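Colleague: I am new to this structure and would like to understand how each description of it is justified. Could we go through it step by step?

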Amino acid sequence: MAKDGPAADLSDHFNLINILDEEKLATFIVDNKIDVVYSTGSDLAMPVACRLSERLGLPHFVSSYAANVCNHKNLMRERLTLECEGNIPFQVLDSIDKIAIQYPAILKPSDAQGQRGIFLIRSQSEFESHFQDVVKYSREGKVIVEKYIEGPEVSVNGYMVNGVMRFLIVSDRDTWPEYTGLIHKHIVPSKAVCNTANSKIKRIVEDACNRIGILNGPVYFQMKVMNGHPYIIEMTPRLDGCHMWNLLARSTGVNLMKLVFEHLLYDDISELKCLNSDIKPMELVFFCQKPKTIMDQSAFLIPKDSEDSFFYYATGDNIRPVNGRFDKVGYFIHSL
């Protein structure tokens, strides 16, 4: 979208190309003799990256079909089937109709990312009042209504090798109470789930990956645990877009970003051997601000013991709408 991040300045090539323009991307990849095309944090880009990899004979972890299923919440729910322990009741709609899911329920676009257009609804009238606000975020013009799972929310970062979960870390998701689903903090390791729930999570996540066709590479799940049972809220065959690889490298010893590209390029998974026997308790905290306001970095305090921090905007910049409610403007990582 813009040459405004640190990677743009460090890279050998930078072209402003719409990530959905596959012909321009294919030409760019061939002309620059690029070895791997991959997205580390975007659901929108994953199906495109996989299709291009298939077309150009480049290494990739999952098929474009599997990436597309994960990018459409309705397809993901259907593919998991009711036999999957972690699936939940859902309903897909492209117009206002009678809701069959028991209230309260979660209303969201069927194919959006970045926590856009998510509402907790408690009645048919609330569904109808939010429908237009939600459907505008869907490229297909569809919404999905899901049973609301009451309980702690966790993130699951895993790594699959030939259909087996070789790395899995459960972390707590601390969300802003006034903004349903919007992340404030990631806390490692999870304090909200017990060892029994952890073992269930691993079983459910590995099973879900195999059902979708994610046999190799990183996976990221959002889950909620109700009465000791984990349920899948979101799943995707990529790294968490919230810099969790950075947090987990410091906490666990395994650098998932490094692992991804060594696995893709050289079939090398030796980074998994770097896992520490003890997980170092740490957290990643996001600074957030309402969109269409002016950034002031001095308004946010970075602790002296932080191990890493970054602001997405300079002081004086206008905060552009992403989720449209309370957008990330920076973060820091520190030990607990």
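Modeller: Gladly, with the reminder that this is a predicted model. A good place to begin is an open sheet of 4 strands in the order β1-β4-β2-β3, with antiparallel pairing, in which neighbouring strands are turned by 25° against each other on average, direction ignored.

Colleague: What makes β1 and β3 the edge strands of this sheet?

Modeller: Each of them, β1 (90-93) and β3 (119-121), pairs on one side only.

Colleague: How do you know that β2 and β4 are paired?

Modeller: Two strands count as a pair if at least two bridges are found between them, and strand β2 (residues 105-109) is joined to strand β4 (residues 143-147) by 5 bridges, so the condition is met and the two are paired, running antiparallel. Within this pair, P109 stands opposite V143 in β4. Helix α6 (residues 124-135) lies across β1, β2, β3 and β4, and runs at about 160° to β3.

Colleague: Which order do the strands have in the open sheet of 8 strands, and why is one side of β9 and of β11 left without a neighbour there?

Modeller: The order is β9-β8-β5-β6-β7-β10-β12-β11, again with antiparallel pairing. Because β9 (229-236) and β11 (308-311) stand at the edges and have a single partner strand each, one side of each has no neighbour in the sheet. From one strand to the next, the twist averages 25°.

Colleague: What makes β5 and β8 a pair?

Modeller: The same cut-off of at least two bridges applies, and strand β5 (residues 153-161) and strand β8 (residues 217-226) share 8 bridges in the antiparallel sense, so they qualify as a pair. One of the matched positions is G158, whose bridge partner in β8 is V219.

Colleague: Which helices lie across strands of this sheet?

Modeller: Among them is helix α8 (residues 244-252), which lies across β5, β6, β7, β10, β11 and β12 and runs at about 25° to β7. Helix α9 (residues 256-266) lies across β5, β6 and β8, at about 30° to β5.

Colleague: Why is W245, which lies in helix α8, called partly exposed?

Modeller: Its relative accessible area is 27%, and since buried means under 20% and exposed means over 50%, a value in between makes W245 partly exposed. Leaving aside neighbours within four places in sequence, W245 is in contact with N255, L256 and M257. The C-alpha atoms of W245 and T40 are separated by 10.0 Å, although these residues are 205 residues apart along the chain.

Colleague: Which residues touch the most other members of the largest nonpolar core?

Modeller: They are F221, M223, I232 and M235, in a core of 59 residues, to which helix α7 (residues 195-212) gives the largest share, 7 residues. A second, separate core has 12 residues, including L93, I99, I121 and F131. Returning to M223, its contacts beyond four places in sequence include V154, I201, I204 and Y231.

Colleague: Finally, how do you know that the protein chain is as compact as a globular protein of its length?

Modeller: The chain comes to 9 helices and 12 strands. Its radius of gyration is 20 Å, close to the 20 Å that the globule rule gives for 336 residues, so the chain is as compact as a globular protein of that length. Of the 336 residues, 49% count as buried.

Definitions and conventions. Residues numbered from 1 in each chain as written. Predicted model: local features only at pLDDT ≥ 70, side-chain atom pairs only at ≥ 80, totals over all residues. Heavy atoms only, no water. Axes fitted to C-alpha atoms, helices over the stretch in contact; angles between N-to-C directions. Contact = heavy atoms within 4.5 Å. Core = buried A, V, L, I, M, F, W, Y, C linked by side-chain atoms within 4.5 Å. Buried < 20%, exposed > 50% of the residue type's maximum accessible area, 1.4 Å probe, protein only. Rg over C-alpha atoms; globule rule 2.2 N^0.38 Å.
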